[in-house]
2 protein chains.
Amino acid sequence: MINTNFDKGIVVIGAGNVATHLSMALNSNKFNITCVYSRTEDAAKLLADKVDANHTNKLEEIPTNAGLYIISVKDEVKAEIVSKLEIDKGIVVHTAGSVGLDIFEDSFSKYGVFYPLQTFTKQRAIDFSVIPICVEASSLEVENKLLQLARCLSKSVHKVSSEERKILHLSAVFACNFANHMYSLATNILEGSNFSFDMLKPLIEETAKKAIDCDPIHAQTGPAVRNDQNVIKKHLDLLKDNNEYDKIYRFVSESIYNLKKKKSNNG
Amino acid sequence: MINTNFDKGIVVIGAGNVATHLSMALNSNKFNITCVYSRTEDAAKLLADKVDANHTNKLEEIPTNAGLYIISVKDEVKAEIVSKLEIDKGIVVHTAGSVGLDIFEDSFSKYGVFYPLQTFTKQRAIDFSVIPICVEASSLEVENKLLQLARCLSKSVHKVSSEERKILHLSAVFACNFANHMYSLATNILEGSNFSFDMLKPLIEETAKKAIDCDPIHAQTGPAVRNDQNVIKKHLDLLKDNNEYDKIYRFVSESIYNLKKKKSNNG
């Protein structure tokens with residue numbers, strides 16, 4: 001047993017992408033998950049079986065004496081769970097980027113946030129040891145326990161306030177969801193052509209690598225940053241029957257050029 | 001000497017990102033680059049020295065008897081070069097995504113396009129062997145010579161018409177420049193916080209890997225695809241003083257959700 005802080009076991013509430021990956025990382029680091037709850041029994045069982053835990057789809061069957069409760073459910077059901085969950089003395093945390101610590105203050109005495117900054121998909125294996133984990137807690141005692149737990153899972157552990165976490169989450173939406181959507185739009189543009197998304201894979205890989213190695217602002221290439229109106233006009237002509245793509249093309253191109261001008265003016 | 005097609009040598013016109021990487025790939029595959037031209041003498045010399053070639057900044061000093069002329073300059077100077085370049089019998093190609101083959105038809109008898117689908121930055125080493133090279137030519141004879149050349153440099157060689165190439169280039173702008181801009185905006189959002197772009201690196205890497213392994217539409221996560229208005233409102237509140245970011249956030253989020261609905265309706 002690596003960690004004795006939570007020797008009364010850990011309860012995982014939720015069986016989605018984050019709950020699944022976090023549970024598996026805990027399990028492979030020898031933490032004892034005693035119970036997985038999900039409103040959908042099949043989902044609860046699927047995850048529970050992976051981490052050798054019991055499962056339930058009834059809130060009242062969740063053990064009350066666990067050391068840690070990890071709530072990893074959609075925001076709209078979080079409030080209901082917080083109001084109905086009955087526990088003895090354990091710590092309660094949530095894993096969300098944009099939900100404050102204060103959601104727990106009227107319901108529990110020891111609580112915190114345990115936010116892994118990553119995009120999770122159940123079916124994909126992931127290296128948890130490089131994922132930044134953002135920790136916030138109701139007291140120094142709880143903070144220390146959560147930091148210790150986080151450091152068992154990852155080399156990148158950070159104390160992050162609710163306000164800071166919101167900013168991080170917002171920037172992650174741009175870097176992950178919005179970047180990924182640009183891949184999706186690129187895929188759709190190729191629909192009906194002789195080419196598949198495969199053609200773009202070396203480009204996507206290099207774009208990400210370059211941003212990581214240099215920095216994305218410095219790494220920018222293409223017609224918008226060169227303000228190459230000749231190419232931009234040709235592209236807008238190709239998009240003239242698609243208002244949504246046209247708008248995104250214009251706004252993002254303008255934004256690329258604005259950022260370049262701003263950075264040039266600043267030195 | 002791997003290739004005897006161009007035993008009279010290759011002239012590279014331009015010394016920017018594409019010209020540099022393509023020249024270096026040719027040089028390391030034992031092609032003989034005889035001359036590098038750039039309007040900026042220093043840039044011409046810098047690249048020429050890398051590939052053991054002569055250099056010039058005068059169009060009239062370009063050798064007329066080379067086997068291949070690769071024009072890799074900004075679109076706005078391409079027309080001038082095409083009108084002034086004097087050659088005997090060599091093949092002339094350009095390397096641009098959005099410029100037609102027809103730019104050459106009034107000036108040369110043998111011509112083509114040699115478009116590597118990648119984002120190039122001079123200072124970064126790159127594996128040319130995985131880069132899709134798109135070839136188009138004025139005749140079957142020229143096409144065969146260009147395909148043979150391309151296959152010496154890359155395992156991914158494609159015959160692509162001017163119309164198809166425009167579509168590919170447009171989709172590459174989304175997948176590369178626009179995705180990269182989302183990283184840039186994410187970086188800017190973090191400015192003034194305690195966190196640097198480093199926090200986002202594992203996320204950016206995984207987002208790209210996931211899109212490559214699965215497909216980006218299937219891989220999407222985050223508030224927009226879940227239509228999580230609660231989180232979206234919090235994010236828009238953080239962006240309320242920045243009209244540009246607010247607009248991009250709204251449009252891209254709407255577009256993510258629209259795409260999801262469209263794909264669900266299609267089964």
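Which residues are buried in helix α3 (residues 75–84) of chain A? In this predicted model, the buried set consists of Asp75(A), Val77(A), Lys78(A), Ile81(A) and Val82(A). Viewed along the axis of α3(A), these buried residues stay within an arc of 145°, so they line one face of the helix. Glu76(A) and Ser83(A) are exposed, and they sit on the face of α3(A) turned away from the buried side. The cover over the buried residues of α3(A) includes four strands of chain A, namely β1 (10–13), β2 (33–37), β4 (68–71) and β5 (91–94). Chain B takes part as well, through its helix α9 (229–238).

It helps to place this helix within its chain. Ten helices and eight strands make up the secondary structure listed for chain A. Taken along the principal axes, the C-alpha atoms of chain A fill a box of roughly 70 × 45 × 30 Å. Of the 267 residues in chain A, 57% are buried. When contacts in chain A between residues at least 6 apart in sequence are considered, 52% of them join residues at least 24 apart. The accessible surface of chain A is about 11500 Å², and carbon and sulfur atoms account for 45% of that surface. As for charge, chain A carries 32 positive and 33 negative side chains, with 5 Å between the centres of the two sets.

Helix α9 (residues 229–238) of chain A invites a similar look. Its buried residues are Val231(A), Ile232(A), His235(A) and Leu236(A). They span an arc of only 135° around the axis, which means that they lie on the same side of α9(A). Both chains contribute to what covers them: the cover includes α8 (223–226) and α10 (243–265) of chain A, along with α3 (75–84) and α5 (162–190) of chain B.

One member of this buried set can be followed further. Leu236(A), in helix α9 of chain A, has a relative accessible area of 15% and is therefore buried, the limit being under 20%. Beyond its neighbours within four places in sequence, Leu236(A) is in contact with Asp246(A), Tyr249(A) and Arg250(A). For Asp246(A), the separation from Leu236(A) is ten residues in sequence and 6.3 Å in space, C-alpha to C-alpha.

The loop between α8 and α9 of chain A holds Asn227(A). Its phi is near 55°, a positive value in a residue other than glycine. Such a value deserves a remark because most residues other than glycine have a negative phi. Asn227(A) is partly exposed, at a relative accessible area of 30%. Chain B offers another case in Lys30(B), which is not a glycine yet has a positive phi of about 70°. Lys30(B) is located in the loop between α1 (17–28) and β2 (33–37) of chain B, and its relative accessibility of 55% makes it exposed.

What does His181(B) contact, once its neighbours within four places in sequence are left aside? The residues in contact with it are Gln220(A), Val252(A), Ser255(A), Ile256(A) and Leu259(A). His181(B) belongs to helix α5 of chain B and is buried, with a relative accessible area of 1%.

Aromatic rings add another layer to the picture. Over all chains, there are 15 aromatic pairs. One of them joins Phe104(A) and Phe108(A) in an edge-to-face arrangement, with 5.8 Å from centre to centre and 70° between the planes. The angle is what decides the label here, because planes over 60 degrees apart count as edge-to-face. Both partners are buried: Phe104(A) has a relative accessibility of 0%, and Phe108(A) has one of 8%. Elsewhere, ring pairs link residues of both chains into a cluster made up of Phe174(A), Phe178(A), Tyr245(B) and Tyr249(B).

A last example comes from helix α4 (residues 140–153) of chain B, where Arg151(B) lies. Arg151(B) is exposed, with a relative accessible area of 55%. How far apart in space are Arg151(B) and Glu191(B), C-alpha to C-alpha? The distance is 45 Å, for a separation of 40 residues in sequence.

Conventions:
Residues are numbered from 1 along each chain as its sequence is written. Chains are lettered from A and ligands numbered from 1 in the order in which they are written. This is a predicted model: local features need pLDDT of at least 70, side-chain atom pairs count only at pLDDT 80 or more; totals for chains, interfaces and linings use all residues. Side-chain values use heavy atoms; hydrogens and water are left out. Helices (H or I, at least four residues) and strands (E, at least two) are DSSP runs, numbered from the N terminus. Buried means under 20% relative accessible area, exposed over 50%, partly exposed in between (1.4 Å probe, protein chains only). Contact means heavy atoms within 4.5 Å. Accessible areas come from the Shrake-Rupley method with a 1.4 Å probe; for residues, only the protein chains shown count as cover. Lys and Arg count as positive and Asp and Glu as negative; His and the chain ends are not counted. The place of a charge is taken as NZ of Lys, CZ of Arg, CG of Asp or CD of Glu. Rings of Phe, Tyr and Trp (its six-membered ring) pair if their centres lie within 6.5 Å; planes under 30 degrees apart count as stacked, over 60 as edge-to-face and the rest as tilted. The arc is that of the directions from the helix axis to the C-beta atoms.
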